[in-house]
Amino acid sequence: MKKKTMMMFKMSAVGCAAILGVSATNLPVHAMAPVQSQAVHTKALVMKPAAAGVKVHEKVLTAASKYLNTEIKVPQLSGMLDKKYQEELNYIILSHAEKDLKQWEKDAAQAAAESKANHQKFNPYDLYISYSLKSDGTGTPAGIVSLEVITAGSTGGTGMPRIDTYNVKNKAAAERVTLADLLGKNYKEKLDADILAQIKKNPDKYFVEDYKGTSTEQTFYIEHGELVIVFPKYSIAPGSEGSPEFRFNLKGHSADSAKPEAPKTGKDVKFDLKKAGSPHFA
């Protein structure tokens, strides 16, 4: 079932996205700016939870081209304590969707012209953008807003969704949330080992040799008090597995504590790893 044909999506404002909390793991290879690895942020998180949960409304975009079918719902956040940050984050999310739509319209029109020139039938391309507000800031860990945006396109075959996640501390001066904030600065070795152990329990479902561990810009989100690690479709498993997810209970890893607790070593470590079985796209 190896190897994999991947189709990536064009994005811009990469630097701003990193600052605002988007995971850069799935940025396209033809992005307008190179992805720079960000230093792991480990400072203590001292914050008060928001009085009310963040809300989300959607903006619908449609294609002007008859060669592209679309269903695009772009999330826009409201109710954040840091209004300027909220405005900038909403701009980043919307601009990514608009640029994706423009690129897909261009590619579809070009493919249609080539098909006509070659006297071939052309089937319209498809572009879908959806979202899910995983945490509104009122859950555990307190004050964290977690949003997932999924961009999926198809030229007629099986496509590859791009999953962008935005994890933000909802306070007067909002900041992005990192894995080090949640698990402590020395989290990576234990986290990678636990995921690998789970993968090895199901070798028929994964490409074991393709698992290289989590990255500094690893895609993740927070939901119901759990940390969910997300890998791109085809990266460590066949396409039939969708975008693999691994869940960790965050009990004992509070983001509003005075000092993030570094993971212990040895037998005392317990992350309560659980595999999420539902892919986003087949």
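Me: Why are Lys 188 and Asp 192 called a salt bridge?

Reply: This is a predicted model. In it, the side chains of Lys 188 and Asp 192 come to 2.5 Å, N to O. The cut-off is 4 Å between a side-chain nitrogen of Lys or Arg and a carboxyl oxygen of Asp or Glu. The pair therefore counts as a salt bridge.

Me: What separates Lys 188 and Asp 192 along helix H4?

Reply: Helix H4 covers residues 188–201. The two residues are four apart in it, so about one helical turn separates them.

Me: Is Lys 188 buried, exposed or partly exposed, and what makes it so?

Reply: Its relative accessible area is 34%. Buried needs under 20%, and exposed needs over 50%. Lys 188 is therefore partly exposed.

Me: Why does Asp 192 count as buried?

Reply: Asp 192 has 12% relative accessibility. The limit is under 20%, so Asp 192 counts as buried.

Me: What makes Lys 190 and Asp 194 a salt bridge?

Reply: Their closest N and O atoms are 3.0 Å apart. The limit is 4 Å, so the pair qualifies. Lys 190 and Asp 194 are four residues apart in helix H4, about one helical turn.

Me: How do you know which of Lys 190 and Asp 194 is buried?

Reply: Set each value against the 20% limit. Lys 190 has 26% relative accessibility and counts as partly exposed. Asp 194 has 15%, so Asp 194 is buried.

Me: What makes Glu 226 and Arg 247 a salt bridge?

Reply: The N to O distance between their side chains is 3.0 Å. That is within 4 Å, so the pair is a salt bridge.

Me: What does the pair of Glu 226 and Arg 247 tie together?

Reply: Glu 226 lies in strand E8 (residues 226–230), and Arg 247 lies in strand E9 (residues 245–249). The pair therefore ties together parts 21 residues apart in sequence.

Me: Are Glu 226 and Arg 247 buried or exposed?

Reply: Glu 226 has 13% relative accessibility. Arg 247 has 16%. Buried means under 20%. Glu 226 therefore counts as buried, and so does Arg 247.

Me: Which residues are linked in a network of salt bridges?

Reply: The network links Lys 134, Glu 148, Glu 223, Glu 226 and Arg 247. Across the whole structure, a search finds twelve salt bridges.

Me: How do you know that Glu 105 has no salt bridge?

Reply: Look at the nearest side chain of opposite charge. It belongs to Lys 102, 8.3 Å away. A salt bridge needs 4 Å or less, so Glu 105 has none. Glu 105 is buried all the same. This residue lies in helix H2 (residues 83–117). Beyond its sequence neighbours within four places, Glu 105 contacts Ala 63, Ala 64, Ser 65 and Leu 68.

Me: Why is Asp 126 called buried?

Reply: Its relative accessible area is 18%. The limit is under 20%, so Asp 126 is buried. Asp 126 sits in strand E3 (residues 125–136). Not counting residues up to four places away in sequence, Asp 126 touches several others, including Trp 104, Ala 152 and Gly 153.

Me: What makes the link between Asp 126 and Asn 69 a polar contact?

Reply: Their side chains are joined at 3.2 Å. The cut-off for N or O atoms is 3.5 Å, so the distance fits. Asn 69 also stands opposite Asp 126 in E3.

Me: How do you know that E2 and E3 pair?

Reply: Two strands pair if there are at least two bridges between them. E2 and E3 have five, in the parallel sense, so they pair.

Me: What joins E1 to E2, and in which sense do they pair?

Reply: A hairpin joins them through six residues. Strand E1 (residues 55–61) and strand E2 (residues 68–78) pair in the antiparallel sense over seven bridges. Val 56 stands opposite Leu 77 in E2.

Me: Why are E1 and E6 called edge strands?

Reply: The open sheet has six strands in the order E1-E2-E3-E4-E5-E6, with mixed pairing. E1 and strand E6 (175–176) each pair on one side only.

Me: How many helices and strands does the protein chain have?

Reply: The protein chain has four helices and ten strands. Buried residues make up 50% of its 282 residues.

Note on methods. Residues are numbered from 1 along each chain as its sequence is written. This is a predicted model: local features need pLDDT of at least 70, side-chain atom pairs count only at pLDDT 80 or more; totals for chains, interfaces and linings use all residues. Side-chain values use heavy atoms; hydrogens and water are left out. Buried means under 20% relative accessible area, exposed over 50%, partly exposed in between (1.4 Å probe, protein chains only). Contact means heavy atoms within 4.5 Å. A polar contact is a pair of N or O atoms within 3.5 Å; within protein, one must be able to donate a hydrogen and the other to accept it, and residues adjacent in sequence count only if both atoms are side-chain atoms. Lys and Arg count as positive and Asp and Glu as negative; His and the chain ends are not counted.
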